[in-house]
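Welcome, and please open the model in your viewer with selection tools at hand. We will go from stop to stop, with something to select at each one.

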Amino acid sequence: MHGEYKVPGGKLVVADMEVHQGILQNVSISGDFFLEPDSALTHINEALNGLPVSASHKTLSTAIQEALGDDVMMFGFSAEAVATAVRRALGQASSWLDHEFTVIPPVTLPAAQHAALDEVIANSVAQGVRGPTLRFWDWDDSVVVIGCFQSVRNEVDMEAAAQEGVQVVRRATGGGAMFMQPGNCITYSLTVPTSIVDGMSIEQSYQFLDAWVLAALGEVGIKAHYKPLNDISSEQGKIGGAAQKRFANGVLVHHATMAYDIDADKMLQVLRIGREKLSDKGTKSANKRVDPMRSQTGLSREAIIDAFIAYFSSTYTSQAGDYLPEELAAGKRLVEEKYLTDEWLYKVN
C-alpha cells in the first residue's frame, strides 16, 4: 500500500507498507523532508509496525512521538504528517487528487432553499448519489442567514427586517450572519468526505479548504490570505468568512461568503451588531458600501464567479453538473419542515 501527503508549506511524506491480518507490517516512510539524527527514521518505521489498520490518526501520531527522543529534529514534516500519509495509504484519508468534483454554477433559488441544500447535498454525497460537489449560490430575495448557534434577538432587529422585506434564516453551519441581497456577495458551498481533512484540526481544515479560493482570488487581482479562524482577508481588509458543518454521515460542508458590493446602511439597519463589527475595520459611517471584490477587481460578480469555476476546474478533476430533481424537491420540503419554522429559527432565541 502506498500513500503520499504534501505538508502545506512543507515537504512530501510518503508511506509504503504491507497489511497482514489487519496489522501494519514492513512500514517504510520516505520523502524530501529533513530529519536529524537520520536513525530516527528507523524508530518511526518501528513505531508504526504492528499497529492495527483501524488505528486513528491520533494513535498513529502519538506512537511516532513516543518513539522519538528529545534530540530529534523534524523539519518540513511532523508525526501528524506521517500519520496522514499512512492513513492515505490505507484509504482512510484522501486528498484533492483522489476525487472527481461536480461543479454547479449559480442557480437562482430562494436563499432558504440554498441553506437547506447544504444538508441535502451532504446526504447525496454520503449515499454515493453524487461525488464531492462545489456549488455556487444565487438568489433573488433579501435575507439574513444567521449561524447555527447565533441568537436571533442579539443578531437581528426583526422589526427592521420585516420593514425592509428581509427574511431571516438559520443555517446548519456555525459562524456569523450573512446579509444577502441579490448580487451583493458571492457564496459557495463545498461538500466533501471528511476523509479529505483527516487528522487536521478545525483551524487547519479551514485553511486547507480555503486554499483554492485564495489562489482563485489571486487570478482576479486580489492578494488574499487566510486569517484564523475563518476569515478571508486582503491587504485592504476582510473580504469574507467561511463556516463548516461536519455531519454524522462522514461528510463535511464548507462554505464561504465574500462581499461583492453590500449596502452597509441597509445592513446596519437589520443587523444589531453590525456597527460593532464594522468599527474595528475602519468604517466610521454606515452611509457607504462594503465592496472589496468589486472595487479591488473592477470585474462584475459574474466574471469573478466564472474565474473561480475556471480555476477550480483546471486545478482539480472536475465536471460540470446540476442539481438532481429529487435534491431540489428535498430542499423545498426541508425549507417547509425545518428552515422556515419558528422552532428552527428560534432554537437560540
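Before we start, one cut-off for the stops ahead: a residue is called buried under 20% relative accessible area, exposed over 50%, and partly exposed in between. Keep in mind as well that this is a predicted model.

**Stop 1: the whole chain**

Show everything as a cartoon. You should find 13 helices and 18 strands in the protein. The radius of gyration is 22 Å, close to the 20 Å that the globule rule gives for 349 residues, so the protein is as compact as a globular protein of that length. Along the principal axes, the C-alpha trace spans about 70 × 45 × 40 Å.

Now colour by burial: buried residues make up 51% of the 349 residues. Switch on a surface and you are looking at about 15700 Å² of exposed area, 49% of it supplied by carbon and sulfur atoms. For a contact map, take the contacts with a separation of 6 or more; residues 24 or more positions apart account for 71% of them.

**Stop 2: two domains**

Select 2–90 and give it one colour, then 101–346 and give it another: these are domain 1 and domain 2. How many Å apart are their C-alpha centres? They lie 36 Å apart.

**Stop 3: the S2–S3 loop and strand S3**

Go to Gln 21, in the loop between S2 and S3. Its phi is near 50°, a positive value in a residue other than glycine. Gln 21 is exposed, with a relative accessible area of 83%.

Next select Asn 26, which sits in strand S3. Asn 26 also has a positive phi, about 50°, although it is not a glycine. Is Asn 26 buried or exposed? Its relative accessibility is 52%, and the line for exposed is over 50%, so Asn 26 counts as exposed.

**Stop 4: a cis bond before H1**

Select Glu 36 and Pro 37 and show the backbone atoms. The peptide bond joining them is cis, with omega about -10°. Pro 37 belongs to the loop between strand S4 (34–36) and H1.

**Stop 5: helix H3**

Select residues 79–89. This is helix H3, and 10 of its 11 residues are buried, so it is largely enclosed by the rest of the structure. Among the buried ones are Val 82, Thr 84, Val 86, Arg 87 and Arg 88. What do the buried residues of H3 pack against? Their partners are strands S1 (2–6), S2 (12–20), S3 (23–31) and S5 (73–75), together with helices H1 (40–48) and H2 (57–67). Just after the helix, pick Gly 91, whose phi is positive, near 80°.

**Stop 6: helix H4**

Move on to residues 111–126. Helix H4 has 16 residues and reaches 23 Å from its first C-alpha to its last, close to the 22 Å expected at 1.5 Å a residue. Centre the view on Leu 117 to see a kink of about 30°. Of the 16 residues, 14 are buried, so H4 is largely enclosed by the rest of the structure.

Within H4, pick Ile 121. Ile 121 is buried, with a relative accessible area of 0%. Leaving aside residues up to four places away in sequence, Ile 121 touches Arg 130, Thr 133, Arg 135, Thr 191, Tyr 323 and Glu 327. Tyr 323 is 202 residues away from Ile 121 along the chain, yet their C-alpha atoms are separated by 8.8 Å. H4 is followed by Gly 128, with a positive phi near 80°.

**Stop 7: helix H7 and a second cis bond**

Select residues 202–219, helix H7. H7 has 18 residues and covers 27 Å from first C-alpha to last, close to the 26 Å expected at 1.5 Å a residue. Where is its kink centred? The kink, about 40°, is centred on Ala 211. The buried residues of H7 include Tyr 206, Phe 208, Asp 210 and Trp 212. H7 is followed by Gly 221, whose phi is positive, near 100°.

Gln 204 also lies in H7, and at 43% relative accessibility Gln 204 counts as partly exposed. From Gln 204, draw a C-alpha to C-alpha distance to Leu 229: the two are 25 residues apart in sequence and 9.0 Å apart in space. Leu 229 is found in the loop between strand S12 (224–227) and strand S13 (231–234). Finish on the peptide bond from Pro 228 to Leu 229, which is cis, with omega near 5°.

Terms used
Residues are numbered from 1 along each chain as its sequence is written. This is a predicted model: local features need pLDDT of at least 70, side-chain atom pairs count only at pLDDT 80 or more; totals for chains, interfaces and linings use all residues. Side-chain values use heavy atoms; hydrogens and water are left out. Domain bounds come from an automatic or database domain assignment. Helices (H or I, at least four residues) and strands (E, at least two) are DSSP runs, numbered from the N terminus. The expected span of a helix is 1.5 Å times one less than its number of residues. The bend at a residue is the angle between axes fitted to the seven residues ending there and the seven starting there. Buried means under 20% relative accessible area, exposed over 50%, partly exposed in between (1.4 Å probe, protein chains only). The radius of gyration is taken over C-alpha atoms; the globule rule is 2.2 Å times the number of residues to the power 0.38. Contact means heavy atoms within 4.5 Å. Accessible areas come from the Shrake-Rupley method with a 1.4 Å probe; for residues, only the protein chains shown count as cover.
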